[in-house]
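User: Hi! Could you walk me through a few features of this structure, one question at a time?

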Amino acid sequence: MVKKHKFDVICLGRATVDLYGDQIGSRLEDISSFTKSLGGSSCNIAFGTARLGLKSSMLTRVGDEHMGRFVREELQRVGCDVSHVKTDPARLTGLVLLSIKNNDSFPLLFYRNDCADMAVDSSDFDYDYIASSRSLLITGTHFSTQQVNATSLKAIDYARQAGTKVILDIDYRPVLWGLTGIDEGENRFVSDDNVTRHLLSILPLCDLIVGTEEEIHIAGGSTDTIACLKTIRDISHATIVVKRGALGCSVFDSEIPDTLDEGFTRYGVRIDVLNVLGAGDAFMSGFLRGWLRDESYEKCCDYANACGALVVSRHGCAPAIPSEQELDNYLARRQSVPRPDLDTEINYLHRVTTRYPKSWNELCILAFDHRKQFYEMAREVHADPERIKTLKKLLVDAITEASQAPGFNYQAGVLIDDTYGQDALNQITGQHWWVGRPVELPASRPIELEGQASIGSMLTKWPTEHVVKCLVYFHPDDDSGLRLAQERKIQELYQSCCSSGHELLLEIIPPADMQSHDDTVTLVMERLYNLGIRPDWWKLQAPSVSAWQRITDLIEQRAPHCRGVILLGLDAPFEEMEKGFKDTANFPICKGFAVGRTIFSNPSRAWLKNDIDDLTFVEQIKNNYMRLVNAWHNRKA
């Protein structure tokens, strides 16, 4: 009987946070801003293998602080098990500062003095945990001190007892073995007899050994790669994989021949290199995708080479690792894609298949991103417009209370502006809600975007969880000048969202003074798809049943990764909204509603006039909101 394992791979080792310099070409001394991401070789591999569909688990320690929580949450987002990511109350999570100077220079500084992952201890795991995995992966740094060496050897001992395969990623960083100055994190090779002797004592315990030629040199004690491989083979029966950069990789599972090419060699494709950092971790993730599924060396190497190629073309380490679908798409077209960083389809797949969360429950969104309408309402009842800010915080209170009621089984969400709603936005951000935020200048046609700065620079200041919402009054019969102006602005917005990592919701409303028919909005959507604009969400007025079918067919054909359609309200009566909900019953592409004035108009007017107090206002909003939630629930009845 074949033993079933809970995990494919347990990764023991470094878990850090990378702070990547945004300015390419600058010295690290001159970098002015950084992007934060997951880091550490073992952690990157746990992340990468999970993203590629393997069941991975991370074994490490992180600090009892914000960066430690970040590491844990990032691993969880891709489905990696974190049951053995232990919290160290006395140590900080390690940090790494990195930059891209040019194609050959990638300065980095390790902030790892007594960091949490170097305190991982054999008491942090037991035999059963190690035995629950098909393999145990350890990277070289976790043999570099007495503490982590003892811990790693204990894990290997459990693995060998249990028949769990032992994988070594040599991952040689001389600075982490104390062999260079602290400012030489970029240095990948310093010969050292003590390190070589230590690694040679570990290699006989391994089933798979992976390293660059330089890493094979430190393991074998020579700068002759073949001689080092033969030294390793004399003491180990492990499969050895040599990473050869642009030349691909070579695999050796028996006697060592006289040249690398005589091993099982799979050449990669030539890629314009932006950044080699993280490529080895992506390579290992890809190789294990095949190796742990008992696929051929050909496939293992193809996966590995392709993952490495994609990562060297991108900015970042863990976030740059491809998804399964993206990897397979690249492999099918690799000979014709010399610049995957510029390939539209690969970039689209990376964007939409690595989004978090991967899916949303049915959305019941209270939309109160209105600016012009609230201002006019306040003026009509002679209220100070500044009170709108308080009103919007009360709206957050109302939907929060409603969503916490027993039996509420949907995903609550909000659409909030930052003109009057910044405090409300801050209140709800980070609560794992669906949060949308408008960018359009109210009532503008052709569409104009708010703010003095460019949309790209503005989005850099937004939390990435905020969905960019843009309302466009668009009709297929618009004159060409108006249509082209709107299309250029939407394209600019879409590209900015692709760069910043924000999702985009396009709200399409045909102008009230132009005649519309059943296919008006569908024709607009088709036109935008033709321009290469593939928003994550559409927000539309309730169409007919026949139009729903055409919208569904269009999205499935042109953008199957679209999150879906959300229904808007336009101050429609409750009865009309309920009828629109029923028409969605057989169309899963409709993910919910984002309704505002139908819910808040009358209570807001009364509150601004001081006819009702805060508690009454909140109660009325809750009741109106729940009426629509119940209508959504009953739409299939």
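User: Which residue in S8 is the bridge partner of Leu12?

Analyst: Happy to help; keep in mind that this is a predicted model. Strand S1 covers residues 9–12 and pairs with strand S8, residues 135–139, in the parallel sense over three bridges. Within S8, the residue bridged to Leu12 is Ile138.

User: Which strands stand at the edges of the sheet, each with a single partner strand?

Analyst: The open sheet has nine strands with mixed pairing, in the order S5-S4-S1-S8-S9-S10-S11-S12-S13. An edge strand has a single partner, so one of its sides is left without a neighbour in the sheet. That describes strand S5 (81–88) and strand S13 (264–266).

User: What does the twist average from one strand to the next?

Analyst: The order to follow is S5-S4-S1-S8-S9-S10-S11-S12-S13. Going from one strand to the next, the average twist is 15°.

User: At about what angle does helix H6 run to S10?

Analyst: Helix H6 spans residues 213–220 and lies across strand S10 (208–212) as well as S11. Its direction relative to S10 is about 120°.

User: Is Ser236 buried or exposed?

Analyst: Ser236 sits in the loop between helix H7 (225–235) and strand S11 (239–243). Beyond its neighbours within four places in sequence, Ser236 is in contact with Leu203, Pro204, Cys206 and Ile209. Its relative accessible area is 1%, and the cut-off for burial is under 20%, so Ser236 is buried.

User: Which residue's backbone nitrogen lies 3.0 Å from a polar atom of the Ser236 side chain?

Analyst: The 3.0 Å separation falls within the 3.5 Å limit for a polar contact. The backbone nitrogen in question belongs to Ala238.

Conventions
Residues numbered from 1 in each chain as written. Predicted model: local features only at pLDDT ≥ 70, side-chain atom pairs only at ≥ 80, totals over all residues. Heavy atoms only, no water. Helix = DSSP H or I, 4+ residues; strand = E, 2+ residues; numbered from the N terminus. Buried < 20%, exposed > 50% of the residue type's maximum accessible area, 1.4 Å probe, protein only. Polar contact = N/O pair within 3.5 Å; in protein donor to acceptor, adjacent residues only side chain to side chain. Contact = heavy atoms within 4.5 Å. Pairing = 2+ DSSP bridges. Axes fitted to C-alpha atoms, helices over the stretch in contact; angles between N-to-C directions.
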